[in-house]
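Trainee: I am new to this structure. Can we go through it feature by feature?
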Amino acid sequence: MWVFRFLFTETARLLRSAEGRRLLGLALRYGGKPRNQTVHVSFGKYRFRVPDALSFVWQFREIFVDEFYRFNTTSTSPVIFDCGTNIGTSVAYFRQTYPNARIIAFEADEQISATLQDNLRQNQISGVEVITKAVWTNDEGIWFGSDQADSASIFSQTDRKLVPSIRLRDFLLRETRVDMLKMDIEGAETDVLTDCHDALAHVQNLFVEFHAYLDHPQTLASVMNVLEDSGFRYYINTSQYRHAPLANHRYKGSDSMDLQLNIFAYRN
């Protein structure tokens, strides 16, 4: 019975908002599409080309329904660093919510970046600086594997190639204030945040999608130490559920990770 109560409660919650109702429509229309095939999706005033429909539906929920990237600011033109921009769903949200923001978007994958820039042009989302390079600890390039829509990372062993990189620390130190630093960089977050340890004092809000890949050390403590030392308060949640986690060491839907967390850090 609890399953039906959950489904009823969740559906009722979504129906109470325009974006929730839009999510239900997107899920019905696109959720059953074959994986890793390019489709065009429409949501609100936007029309996006996406390489994987199910991934997009999940992005839409996190970004527009649950508003993972909403932050408080007194600035009329907040500075937003979007690291791991993907196809631009986050940029659409940032531009819609903070119309005068200065947005710098970093995307490592050339093909995904091309889709991102096409989506921005087609939807007349302007004033975004797109940097087609990986966010990393130096500017010497990084080996990057591009498997599928949900599994491209520095740890992926399929179709690996050396992609150009930037040192995020250098970009942060050029700013006097960063209102939002969003980081979804598929496993590189621990190294990058550690390298940026002394460059976070003027960052006001930070979102990190933390990943722990199988056969690699779990480094959550390192990330949290950086955040605590930098004076952030934080909140952590996960969208993953694992039955009998002490016996089942992988969560359903991933063959490469055993932990994925959303970390929200902010200053009082």
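Mentor: Start with a term. Contact means heavy atoms within 4.5 Å. One more point before we begin: this is a predicted model.

Trainee: Which residues is Trp136 in contact with, leaving aside its neighbours within four places in sequence?

Mentor: Take them in sequence order. Gly141, Ile142 and Ile154 are among them. Then come Ser165, Ile166, Arg167 and Leu168. Ala188, Asp191 and Val192 complete the list.

Trainee: Where is Trp136 found, and is Trp136 buried or exposed?

Mentor: Look in strand 6, residues 134–136. A residue counts as buried under 20% relative accessible area. Trp136 has 14%, so Trp136 is buried.

Trainee: How many residues apart in sequence are Trp136 and Leu168?

Mentor: They are 32 residues apart in sequence. In space, their C-alpha atoms are 6.2 Å apart.

Trainee: What about Val192? Which residues is Val192 in contact with, beyond its neighbours within four places in sequence?

Mentor: Trp136 is one of them, as are Val135 and Thr137. Leu168, Met183 and Ile185 are also in contact with Val192. Next, the core. The largest nonpolar core has 41 residues. Val192 is among those with the most contacts inside that core, as are Phe81, Phe106, Leu168, Leu172, Leu181 and Leu200. Apart from this core lies another, of 38 residues. Leu26, Phe48, Val57 and Met180 are among its members.

Trainee: Now cysteines. How many disulfides does the structure hold?

Mentor: It holds 0 disulfides. A disulfide needs two cysteine sulfur atoms within 2.5 Å.

Trainee: Why is Cys83 in no such bond?

Mentor: Because the closest cysteine sulfur, in Cys196, is 8.3 Å from the sulfur of Cys83, too far for a bond. Cys196 is likewise in no disulfide, with the sulfur of Cys83 as its nearest cysteine sulfur. Check accessibility too. Cys83 is at 0%, so Cys83 counts as buried. Cys196 is at 1% and also counts as buried.

Trainee: How do I read a pocket?

Mentor: Rolling a probe the size of a water molecule over the atoms shows where empty space is left. Then ask about volume and lining. Here, the second largest pocket has a volume of about 240 Å³.

Trainee: Which residues line the second largest pocket?

Mentor: The lining includes Phe68, Arg70, Phe71, Asn72 and Met180. Asn205, Leu206 and Phe207 belong to the lining as well. So do Phe264, Ala265, Tyr266 and Arg267. Two elements give two or more residues to this lining: strand 11 (205–213) and strand 13 (257–266). By class, the lining has 8 nonpolar, 2 polar and 2 charged residues.

Trainee: Let us turn to a helix. How many residues of helix 4 are buried?

Mentor: Helix 4 spans residues 89–97, and 7 of its 9 residues are buried. They are Thr89, Ser90, Val91, Ala92, Tyr93, Phe94 and Arg95. Pick out Tyr93. Tyr93 has a relative accessible area of 2%. Leaving aside its neighbours within four places in sequence, Tyr93 is in contact with Ile63, Phe64, Glu67, Tyr69 and Arg70. Arg70 also lines the second largest pocket.

Trainee: What separates the C-alpha atoms of Tyr93 and Gly145?

Mentor: They are separated by 27 Å, and the two residues are 52 residues apart along the chain. Gly145 lies in strand 7, residues 142–145. Gly145 is buried, with a relative accessible area of 0%. Now try Gly145 and Thr158. They are 13 residues apart in sequence, and 5.5 Å apart in space, C-alpha to C-alpha.

Trainee: Loops next. Where does His202 lie?

Mentor: His202 lies in the loop between helix 7 (189–195) and strand 11. At 14% relative accessibility, His202 counts as buried. Beyond its neighbours within four places in sequence, His202 is in contact with Leu172, Glu175, Thr176, Arg177 and Val178.

Trainee: What should I look for in backbone angles?

Mentor: Look at the sign of phi. Glu186 is a residue other than glycine with a positive phi, near 50 degrees. Glu186 is found in the loop between strand 10 (180–183) and helix 7. Asp215 has a positive phi too, near 70 degrees.

Trainee: Is Asp215 buried or exposed?

Mentor: The cut-off for exposed is over 50% relative accessible area. Asp215 is at 79%, so Asp215 counts as exposed. Asp215 lies in the loop between strand 11 and helix 8 (220–229).

Methods:
Residues are numbered from 1 along each chain as its sequence is written. This is a predicted model: local features need pLDDT of at least 70, side-chain atom pairs count only at pLDDT 80 or more; totals for chains, interfaces and linings use all residues. Side-chain values use heavy atoms; hydrogens and water are left out. A nonpolar core is a set of buried Ala, Val, Leu, Ile, Met, Phe, Trp, Tyr and Cys residues joined through side-chain atoms within 4.5 Å. Buried means under 20% relative accessible area, exposed over 50%, partly exposed in between (1.4 Å probe, protein chains only). On a 1 Å grid over the protein atoms alone, a cavity is a set of points where a 1.4 Å probe fits but cannot get out, and a pocket is an open set with protein on both sides within 12 Å along at least five of seven lines; lining residues have an atom within 4 Å of a point. Grid points are joined across faces, edges and corners, and a volume is the space filled by probe spheres set on the points. Helices (H or I, at least four residues) and strands (E, at least two) are DSSP runs, numbered from the N terminus. Ala, Val, Leu, Ile, Met, Phe, Trp, Tyr, Cys and Pro count as nonpolar, Asp, Glu, Lys and Arg as charged, and the others, Gly among them, as polar.
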